[in-house]
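Biologist: Could you take one helix of this model and walk me through its surroundings in detail? I'd like the cut-offs spelled out as you go.

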Amino acid sequence: MDEPQTPAPRDSGAAAYRVLARKYRPWSFDELIGQEAMVRTLTNAFSSGRIAQAWMLTGVRGVGKTTTARILARALNYELEDGSVAGPTIRMPRPGLHCAAIMESRHIDVLEMDAASRTGIDDVREILDGVRYAPASARYKVYIIDEVHMLSDKAFNAFLKTLEEPPPHVKFVFATTEIRKVPVTVLSRCQRFSLRRVDAATLVGHLGAIAAKEGIAADEEALALVARAAEGSVRDALSILDQAIAHGGGRVEAAALRQMLGLSDRGRIVDLFAAVMSGDAAGALSTFRDIFDDGADAAAVLADLADYVHYVTRVKLSEAAALADPSVTEVERTRAKEFAAGLSHRVLARAWQMLLKGVAEVQAAPKPAQAADMVLVRLAYAAELPTPDEALRALADGQGPSVAPLPAPARAAALGGGGFASAAPAPRPAAAPRSEAAPASAPRLTRFEEVVALADTHRDIGLKTALERDVHLIAFEDGKLEFRPAAGAARGLAAEIQRKLMGWTGRRWSVVVSSEEGEETLRARAEAEAASRRRGVAAHPDVQAILERFPGAEIVDVRVPATAEAAAPAPEDPEEESDADA
């Protein structure tokens with residue numbers, strides 16, 4: 001690929017500062033980022049001489065529609081002083097005779113019109129009158145019409161005949177952000193290109209290269225924040241970077257950038273997510289207040305929380321694809337895997353819906369911080385509620401809907417004496433108060449796996465993950481657990497297990513830490529079983545034939561089909577469910 005040579009802008013006297021979005025505007029297709037499909041199509045079209053008469057460029061703001069239109073005009077009229085270039089070409093290794101004037105929008109034969117301010121038929125008539133005349137100095141007369149969807153119906157109709165049979169020396173390039181507002185009769189006469197949002201990885205690399213050229217120290221986390229805030233728009237990203245450089249006095253740091261944009265610390269957003277999904281309303285309010293006091297906008301905090309709910313859901317569906325996102329920090333990646341393992345799709349979907357509604361409530365509220373508090377309280381309370389299928393199963397078994405570990409007074413107040421409250425037996429006035437989370441008849445636990453299932457039932461994601469990952473079981477019986485903690489386990493894990501089990505079962509538990517080897521952890525066992533299944537499947541002749549037919553393919557996961565699951569013998573415990581995705 002030839003190195004593009006962008007000429008320095010003309011300077012009149014004192015050097016005026018040029019914003020980054022203008023200073024680093026691409027001058028050739030080699031410099032365009034994130035639009036490889038369009039560049040490949042145009043390269044093939046120009047090389048084969050199949051050049052369209054009109055192009056329609058569409059996409060969100062800041063992805064390069066107007067810039068692409070100017071580069072197209074430059075490619076159509078590229079000419080060197082020695083006359084070595086005989087026709088239109090995509091390869092423009094150095095500036096030609098018309099390049100500077102075209103890219104600076106001052107060439108007499110490349111006419112730009114903003115349809116947002118010139119929408120009438122009279123404006124279009126001026127263009128159509130000029131179409132008849134040959135270009136003054138360039139090879140083609142090129143008309144660039146930005147925001148073309150703003151033209152009136154009469155103006156569009158006036159274009160139709162000329163668009164269908166334009167003179168050979170005329171080309172049209174239209175740009176719009178609202179492609180649906182452009183009449184189909186116009187679209188059918190144009191070659192359409194949809195400029196895509198630039199992905200975060202490409203944008204982070206582009207910003208890093210520009211920061212290096214400017215001699216600016218910018219850390220990776222700060223650039224990832226800029227890319228996330230820009231939402232795929234290169235111009236927005238460069239504008240934010242420009243502002244961040246000024247804000248940081250020549251340095252771009254994540255903490256200063258969050259303060260400038262009113263964003264929240266992503267690490268604390270993860271803590272907030274953990275608090276609300278475990279039902280800790282007090283902890284969630286405290287974490288939110290700390291984030292809010294540091295200058296973050298209340299609606300932005302909830303939006304970031306919704307963004308993390310979405311990310312955890314993606315990790316649950318496709319861990320490899322989601323973890324490859326460069327705009328996500330290492331803390332978010334690591335903890336998202338734990339959350340994805342402990343939360344169901346239904347719980348995540350419910351949290352997303354509540355946050356989506358909550359953001360709108362906070363934006364409309366007279367006191368956004370208070371509205372955000374109430375949204376977080378609802379989220380924390382909902383995390384303790386059963387999902388619809390759990391509630392129906394509990395009702396069918398005659399246990400009532402109170403399967404969530406809420407205190408009896410809080411549950412009664414929340415239900416307000418209506419709804420499902422009548423399905424549960426009324427408490428006796430003289431009955432002694434039970435432990436906060438202990439059920440009326442605590443189950444007897446005979447296997448360690450039942451402890452993990454109990455943590456899952458009570459939505460304690462952190463403890464469930466620790467039991468699966470950090471516990472090498474030595475001995476277990478109802479009321480007693482002996483284990484060796486894995487390397488990296490929390491120091492107070494034994495005390496935490498003992499406290500939670502006493503609260504959930506209403507009985508005293510003895511939890512002992514030992515130095516004996518013990519069994520492998522449940523996670524290690526599950527990973528070994530999954531690896532064994534993959535090896536078994538890989539040995540199948542049909543699978544081997546497929547892998548040979550598609551080089552580079554690999555076995556990612558082995559799932560039990562629904563028919564095999566239905567044919568399997570039913571478990572002894574009617575509450576127990578087999579996992580088809582294991």
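Modeller: Here is a close look at helix α12 and the parts around it.

A word on the ground rules: this is a predicted model, with local features needing pLDDT of at least 70 and side-chain atom pairs counting only at pLDDT 80 or more, while totals for chains, interfaces and linings use all residues. Residues are numbered from 1 along each chain as its sequence is written, and side-chain values use heavy atoms, with hydrogens and water left out.

For the backdrop, the protein chain holds 26 helices and 10 strands (DSSP runs numbered from the N terminus, helices being H or I with at least four residues and strands E with at least two). Of its 582 residues, 42% count as buried (under 20% relative accessible area; exposed is over 50% and partly exposed is in between, with a 1.4 Å probe and protein chains only).

Now to α12 itself, which covers residues 266–277. From first C-alpha to last, its 12 residues reach 16 Å, close to the 16 Å expected at 1.5 Å a residue (the expected span is 1.5 Å times one less than the number of residues). The helix is mostly covered, with nine of its 12 residues buried. Among those buried are Arg266 at the start, Phe273, and the run from Ala274 through Ala275 and Val276 to Met277. Just after the helix, Gly279 takes a positive phi of about 80°.

Phe273 is the residue to click on. Setting aside neighbours within four places in sequence, its contacts (heavy atoms within 4.5 Å) are Leu305, Tyr308, Val309, Val312, Phe339, Leu343 and Leu348. Two of those partners come up again in the largest nonpolar core, where Phe273, Tyr308 and Phe339 touch the most other members out of 42 residues (a core is a set of buried Ala, Val, Leu, Ile, Met, Phe, Trp, Tyr and Cys residues joined through side-chain atoms within 4.5 Å). Besides α12, the elements giving two or more residues to this core are α13 (281–293), α14 (298–317), α16 (330–342), α17 (345–364) and α18 (368–384). The most comes from α14, with 11 residues. Apart from this core lies another, of 32 residues, including Leu32, Ala69, Leu72 and Met92.

Staying with α14 for a moment, His310 sits in that helix. His310 counts as partly exposed because its relative accessibility is 38%. Its C-alpha lies 8.0 Å from that of Leu348, although the two residues are 38 apart along the chain.

The other end of the story is Met277, which helps line the largest cavity along with Val347, Arg350, Ala351, Met354, Leu379, Ala382 and Ala383 (on a 1 Å grid over the protein atoms alone, a cavity is a set of points where a 1.4 Å probe fits but cannot get out, and lining residues have an atom within 4 Å of a point). This cavity has a volume of about 40 Å³, the volume being the space filled by probe spheres set on the points, which are joined across faces, edges and corners. It is one of two cavities of 30 Å³ or more in the structure. Both α17 and α18 supply at least two lining residues, and α17 gives the most, with four. By type, the lining divides into seven nonpolar, no polar and one charged (Ala, Val, Leu, Ile, Met, Phe, Trp, Tyr, Cys and Pro are nonpolar, Asp, Glu, Lys and Arg charged, and the others, Gly among them, polar).

Conventions
1 Å grid on protein atoms, 1.4 Å probe; cavity = no way out; pocket = protein on both sides within 12 Å on 5 of 7 lines; lining within 4 Å.
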